[in-house]
Protein chains: 2
Amino acid sequence: MRTETSKLSKVDVSRRNLITGTGKAVVGAAIISAGGGLISKADATVTPEQTPWGYTKLDPKKTADLAYENWYKNYCCYAVSAAILDQLREKIGGPYDHLPAEAFIWGHGGAVGWGTLCGTLTGAGIVTSFAAGKKGEEILNDVIAWYGETELPIYKPAKPKAVFKHTNVSDSPLCHISVGKWMKKEGVALKSPERKDRCARVAADVAFHTVTLLNKFADGEFEMESDSQSAEYGITAQNNCMECHGNDVPEPKGI
Amino acid sequence: MRTETSKLSKVDVSRRNLITGTGKAVVGAAIISAGGGLISKADATVTPEQTPWGYTKLDPKKTADLAYENWYKNYCCYAVSAAILDQLREKIGGPYDHLPAEAFIWGHGGAVGWGTLCGTLTGAGIVTSFAAGKKGEEILNDVIAWYGETELPIYKPAKPKAVFKHTNVSDSPLCHISVGKWMKKEGVALKSPERKDRCARVAADVAFHTVTLLNKFADGEFEMESDSQSAEYGITAQNNCMECHGNDVPEPKGI
């Protein structure tokens, strides 16, 4: 984390300059060059009090490496959010200078251990929103869909902290189901080094995939592929209906 | 949201001054009085780049009213997070000046409609973390436990936007289960005005309860009541095991 003091002032910049696919961090550069003063350039006003704060393309592999190491500091939600936010702080700065990823540790274990949304996806939700605003919701939707249908983990650490045999398709974004299926397959406990490393690698995978989609977005090439869950099911829902409901899946009114 | 420009600088304050139960916003006052400069007072250094950012006691009823109205702007996660963050911005300022609650809209419908953690609880997680840091995790744990075991909604809006008959105990922090049980009981669709108002009132309840526990914390009287889920179950988990597993609840290794 950068420690130098910087000022957050209103900055007038064109909305079309907020996102850059060139690796050039327009917003951050503007703030730094002006020492926090007003910059008049544009046809629209963007302040640090508004989102999105902008995005610049990141290297997915480097981001995955950071997420893997971050997991061992503060678990899953921090792993993904810090891997991306720390790089945006470095490359863009501005409002990102004052958003500590430590604030998102609480998402671990599906929200302080309640096994709900996998903390890596909570991290992805936070980051995509700050980086891409409303469009970030579409990116998050596709990251969640991908998470459930993909054999994870994929990531191979250069220096693994533990070795294990199995991968699995969770068919769900819920921590309890995702990690539970894997623990059963591998035959290990929650506190085992193998389970910890599996989750650290999943964090790396989610960070990699999130940045891959954000990079497409930065290039103007992102289109949401997965349908809206509530439109599809008539209720907010995961996809694995029969896993809990068996053959008696209720049909909500209004479908 | 306040719109005046303010500076975020390193501020040296005593950690024991960060939290005040007197309604006096020590951190914000210090920043404002010094115009963003350094203030040396203390035995510890706190910067806006670190959490927690501090808390001052809020009125639970007023916070519930704000959350109810907020729901109709940007749904559940924003409803709770904005109800609390907007007041902390007003009363404490400093780093809160630059944390737009709009960044947390994505939590709606259990994460963009995936029905996982109820967005009101995602909002509670975000706010308790910024306000109370590591202790915020304990507060969140108790808010989640209370959510599952309480007949909701309790809140009665002065001017209800819809009228309905039923309340329910969700026995789960999952949006899909919480809203699904209620929709079945009330016999309405997701898009009905009744369902929307039920969720707006639940947001008011979660905001009320979160602030009630944060106020206890500010008074130095908060003690976590609900056990750690992973310690209890040997896996990150909700409490309603048989609802999905039936009588065949697996026993994880290492319990």
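Chain B can be laid on chain A with an RMSD of 0.0 Å, by a turn of 180° and a shift of 0.0 Å along the axis. The two copies are therefore related as by a two-fold rotation axis. I should say at once that this is a predicted model, and that the relation I describe is one between two predicted chains.

Which residue of chain B has its C-alpha nearest the axis? That residue is B:Cys244, and its C-alpha lies 2.2 Å from the axis. The symmetry also shows in the surface that the copies use: 100% of the contact residues of chain B recur in chain A, so to speak of one side is to speak of the same surface in both copies.

Let me turn to the contact itself. Chain A contributes 61 residues and chain B contributes 61 residues. On the side of chain B that touches chain A, four elements give two or more residues: helix H4 (119-132), helix H5 (134-149), helix H6 (175-186) and helix H8 (229-233) of chain B. Of these, H6(B) provides the largest share, six residues. As for composition, this side of chain B divides into 28 nonpolar residues, 25 polar residues and eight charged residues.

I come next to the fold of a single chain, with chain A as the example. Chain A contains nine helices and two strands. Their order along the sequence is α-β-α-β-α-α-α-α-α-α-α. Of the 255 residues in chain A, 53% are buried. If one takes the contacts in chain A between residues at least 6 apart in sequence, 72% of them join residues at least 24 apart.

One helix deserves separate attention, and for this I return to chain B. How many ångströms does helix H3 (residues 60-91) of chain B span between its end C-alpha atoms? The span is only 15 Å, whereas a straight helix of 32 residues would span 46 Å at 1.5 Å a residue. H3(B) also has a bend of about 135°, located at B:Asn74. After H3(B) comes B:Gly93, whose phi is positive, near 70°.

The backbone has further features in its loops. Two cis peptide bonds in chain B precede prolines. One joins B:Thr51 and B:Pro52, with omega about 0°; B:Pro52 sits in the loop between helix H2 (26-34) and strand E2 (55-56) of chain B. Another joins B:Leu152 and B:Pro153, with omega about -5°, and B:Pro153 is found in the loop between H5 and H6 of chain B. Those two helices have already appeared in this talk, as both H5 and H6 of chain B give residues to the side that touches chain A.

Finally, I would draw attention to a pair of residues in chain A with positive phi. For A:Ala111, phi is near 85°, a positive value in a residue other than glycine. For A:Val112, phi is near 35°, again positive in a residue other than glycine. A:Ala111 lies in the loop between helix H3 (60-91) and helix H4 (119-132) of chain A, and A:Val112 is placed in the loop between H3 and H4 of chain A as well.

Are these residues buried or exposed? A:Ala111 is buried, because 29 other C-beta atoms lie within 10 Å and the cut-off is 20 or more. A:Val112 likewise counts as buried, because it has 27 C-beta neighbours inside 10 Å.

Technical notes. Residues are numbered from 1 along each chain as its sequence is written. Chains are lettered from A and ligands numbered from 1 in the order in which they are written. This is a predicted model: local features need pLDDT of at least 70, side-chain atom pairs count only at pLDDT 80 or more; totals for chains, interfaces and linings use all residues. The expected span of a helix is 1.5 Å times one less than its number of residues. The bend at a residue is the angle between axes fitted to the seven residues ending there and the seven starting there. Two residues are in contact if their C-beta atoms, placed from the backbone, lie within 7 Å. Ala, Val, Leu, Ile, Met, Phe, Trp, Tyr, Cys and Pro count as nonpolar, Asp, Glu, Lys and Arg as charged, and the others, Gly among them, as polar. Copies are superposed by least squares on the C-alpha atoms of residues with pLDDT of at least 70 in both. A residue is buried if 20 or more other C-beta atoms lie within 10 Å of its own, exposed if 12 or fewer, and partly exposed in between; C-beta atoms are placed from the backbone.
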